[in-house]
Amino acid sequence: MNTSSISANGHGADWQYTMPVAELMEQQLATARVGDYTVALVYHKDQVHAIDNRCPHMGYPMDRGSVRNGLITCHWHHARFDLQSGGAFDLWADDVPTFPVDVRDGGIWVDVASTLDRVAHSEERLQMGMERSLSLVVGKAVILLEERNLIDRILATGLRFGCENRNEGWGQGLTILGCMASMLDGLPREQRALALSHGLAAVAGDSAGSARRFLVQSLPDTTDDLDLLKTWFREFIEVRDTEGAERCVVSAIRSGADGPFLMDMLASAILDHRYIDTGHPMDFCNRAFHMLDMTGWTETELVLSSLVRLVAGAMRMEESHAWRHPDDLIEILNRAFAELPAAYAEEGSAEPRETGASTLVETVLSGHPNEPALAVAACLDALRAGLSGEGLAVHICYAAAMRIARFHTSNEIGDWDTALHTFTFGMAVLQAYQRAPSADMLRGILDTAMSVHLDRFLNIPAQRIPTPADGPGPEEPFGERLNDLLDQQYRVNQSGQMVADHCTNEAGQNEVRAALKEALLREDRDFHTIQCVEAALTLHDQLRRNWSHCDWLDPVIPLVAAARYLAAHAPTMRAQGQTFGIALRLHRGEDLAVG
Ligand code: FES
C-alpha cells in the first residue's frame, strides 16, 4: 500500500493496511508486516489490538501466546502483558510496544511510527533493572545506551544508585563498577557494554535487600576553616562516630573543598590506623574519586559520604595479632612515621639510581624475617637519598606485584588474596598520593612495605619469574591462546610464561593488556580478580609511561601477576557473560527461540 492510497482512505502517511477484520475475527491472533515491525494483531472482546510480535523478554513470537481476560501470555517464559497498554506484569520482561489501530471499511489499519524515546526508555529500564537486580534488563539497557555513547550517564546512574541504595555505603559493587570503568579504554564496543553491565549488576546485587541510605546534612553555615573540619573528621573517625564524621565531609564539600583537599581529608583518617580492613577502605576511596572524575563531580556529597561508615567501622591492624607479635610492627611504623617529614621531598632530589632504589624492591621482598624494621628503614633511606614520594610508592607497589608474580602454587588458593590485598592497597595509596601528595600520605606506603614483608611466606618457595622463550611464538592470536589456557583449571605458571613470551615489545604488551581485559570479562565476577587485573594494568601503564629509566622496574611483571591471578581463579561458570550474550543477540534482532 503506498502513501497516496493510504491518504485516500483518510489516514496519515504512517498508517498501513494489514488485513480484513473478518479474517482476524476468525483467527483471533494473526501477524502482519508493517514497516520494520512484525505486528501481532489480536481480536479480543470485540476489539482489535496491535502489539510488537517480538516478546520484549527474549524475542519469542507473541502470536504463539494465548489471550485471556485482557492479558496476552507469551508461551516461552510465560510473561503476562496487558493487551491494551502493553504493560508487563512480570517486570523482567519489559513492556511490549503497542500500536494505534483503526478499523475502517472492514479493514484493519495500524500506525507503527515509533513514538518511543529509546534512550529515555532504556534509562528507565536500567533504573528498574538495578532496583530489581535483573541482569538481563540491565544488559539490554546498557547495550543501547552505550551504543549512543552515553557511558557517562550509565556510570552516573550506577554511582548514584549504589550510593543511595545501600545503607552500609560504598561496597564491592561500586568498586567493581569503578574498576570496569577504568578498563573501558581500547575495548571493542560490545566488550565495553559487557564491562559496564558487569559493574552495574554488581552494584544492584550489593544493594539488593539493603535499606536506603539517607544523607547527613551539612552544618548550617559554610566555613573557611576547612582544616578544622579535617581535624574533627579524624577525631570522629578515631572514635568510630560515623554521623559526626559524615557531617564533616558533607560540610567540607559545601564549603568549597576541592578534590585534593577531600582526598587528603579522607585518606588522612584512613591512614591514621594501620592497613585498615586489609586495605579495602583505601581502595574504595580511590575508586570513588576516579568515579567522580568520570561523572563530572555532580554527586560529590552523596559519593564521598558513602565511604565514611566503612572507614569508621574498619578493623585496624593495631588489633591484629600478626602486626603485634613477635615484633610490634605498629611501634616500628610509628617510629618511622615520625621520621617521614624530615626524610620526604615531594619532587625528590636525585636520580632514582643514585638513591639505592634499584635494590629497594629486593630489600623489601627478602627482608630478614626477624628484622621487620629493615623494610621501612630501606624506604626512609631511599627518601633521604633523594627518591621522590611517588618514586617510593611506585617501587613498593612493584614489590607487592612481585609477590603475586612469585606466588608459589604450593600455597593454598585463599592465600592469593593476602598478596592481592597488599598490592591493591599500595596501588590505592599511590593514586591517592598522586592526587594529594604529602608525607602523611606516605604512611600508607610504609604500611604497604610492612605488609609485603609480612607476606613473604607466600614466596616460600618462590616461583621463578618467567623469562621470554627464544624464537618466534605461535601464530595463533595471543588472546585465543590465553583463553584456551583459562578454559583449564589452575594454569597459573603457564599463563605467566605465556605473558612473558609475548611481552617482548610494546605491541605485544598492548595485546596482552587487551587479552587480559577480555579474559576477565569472560568470567563471572570475582571481586578480587577484578581488583587485581585493574591494579596490574594501572601499574603497567605507569611503569612504561613514567619509569622506563628505571630498568630494574620491568613493566611486564604486573601483567605476569595479573595473568597468574586470573588463571588461579578460572574457569568460572561464565553464567553472567551468557546472560549478557542473550541481551546482545536480542539487540541484534536474532531469533533466540531457534536452536
Ligand atoms: S516470556 Fe516471552 S520470550 Fe520469555
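The paragraphs below lead through a predicted model of a protein chain, starting with its overall build and then turning to single helices, residues and contacts.

Taken as a whole, the protein chain has 25 helices and 10 strands, and its C-alpha atoms fill a box of roughly 95 × 70 × 40 Å when that box is taken along the principal axes. Of the 595 residues in the protein chain, 56% are buried, where the word buried stands for a relative accessible area under 20%.

A helix pair is a good place to begin looking at the arrangement in more detail. Two packed helices are described by the angle between their axes and the distance between the axes. For helix α4, which covers residues 135-147, and helix α7, which covers residues 189-207, the angle is about 135° and the axes are 9 Å apart. That angle makes α4 oblique to α7, because an angle has to be over 145 degrees to count as roughly antiparallel, while the range from 65 to 115 counts as roughly perpendicular. The crossing in which α4 passes α7 is right-handed.

Charged side chains offer another way through the model, since a search of the whole structure finds 33 salt bridges. One of them joins the side chains of arginine 125 and aspartate 94, with a distance of 3.2 Å from N to O. This pair links distant parts of the chain, for arginine 125 belongs to helix α3 (residues 118-131), whereas aspartate 94 sits in the loop between β7 (80-82) and β8 (98-99), and the two residues are 31 residues apart. Are these two partners buried or exposed? Arginine 125 counts as buried because its relative accessibility is 11%, and aspartate 94 counts as buried because its relative accessibility is 13%.

Another salt bridge brings together the side chains of aspartate 487 and arginine 574, at 2.8 Å from N to O. Here, too, distant parts of the chain are linked: aspartate 487 lies in the loop between α20 (478-486) and α21 (492-502), arginine 574 lies in the loop between α24 (556-568) and α25 (575-587), and 87 residues separate them. With a relative accessibility of 39%, aspartate 487 counts as partly exposed.

A further salt bridge is formed by glutamate 590 and arginine 588, whose closest N and O atoms are 3.3 Å apart. Salt bridges that share partners join these two residues with Glu190 and Arg585, so that Glu190, Arg585, Arg588 and Glu590 belong to one network. Glutamate 590 is partly exposed at a relative accessible area of 29%, and arginine 588 also counts as partly exposed, at 45% relative accessibility.

The surface also carries nonpolar side chains, and Leu219, Leu228 and Trp232 form a nonpolar patch there, with about 230 Å² of accessible area together. Tryptophan 232 is part of helix α8, which runs over residues 226-238. This tryptophan 232 is described as partly exposed because its relative accessible area is 33%, a value that also satisfies the requirement of over 30% for residues in a patch.

A last stop is glycine 313, found in helix α13 (residues 308-313). Glycine 313 is exposed because its relative accessible area is 54%, and the cut-off for exposed is over 50%. Although glycine 313 and arginine 240 are 73 residues apart along the chain, their C-alpha atoms are separated by 6.1 Å.

Methods. Residues numbered from 1 in each chain as written. Predicted model: local features only at pLDDT ≥ 70, side-chain atom pairs only at ≥ 80, totals over all residues. Heavy atoms only, no water. Patch = residues over 30% accessible without salt bridge, like charges linked within 9 Å, V, L, I, M, F, W, Y side chains within 5 Å. Areas by Shrake-Rupley, 256 points an atom, 1.4 Å probe, with all protein chains shown as cover. Salt bridge = Lys/Arg side-chain N within 4 Å of Asp/Glu carboxyl O. Helix = DSSP H or I, 4+ residues; strand = E, 2+ residues; numbered from the N terminus. Buried < 20%, exposed > 50% of the residue type's maximum accessible area, 1.4 Å probe, protein only. Axes fitted to C-alpha atoms, helices over the stretch in contact; angles between N-to-C directions. Parallel < 35°, antiparallel > 145°, perpendicular 65-115°, else oblique. Left-handed = near helix turned anticlockwise from the far one by under 90°.
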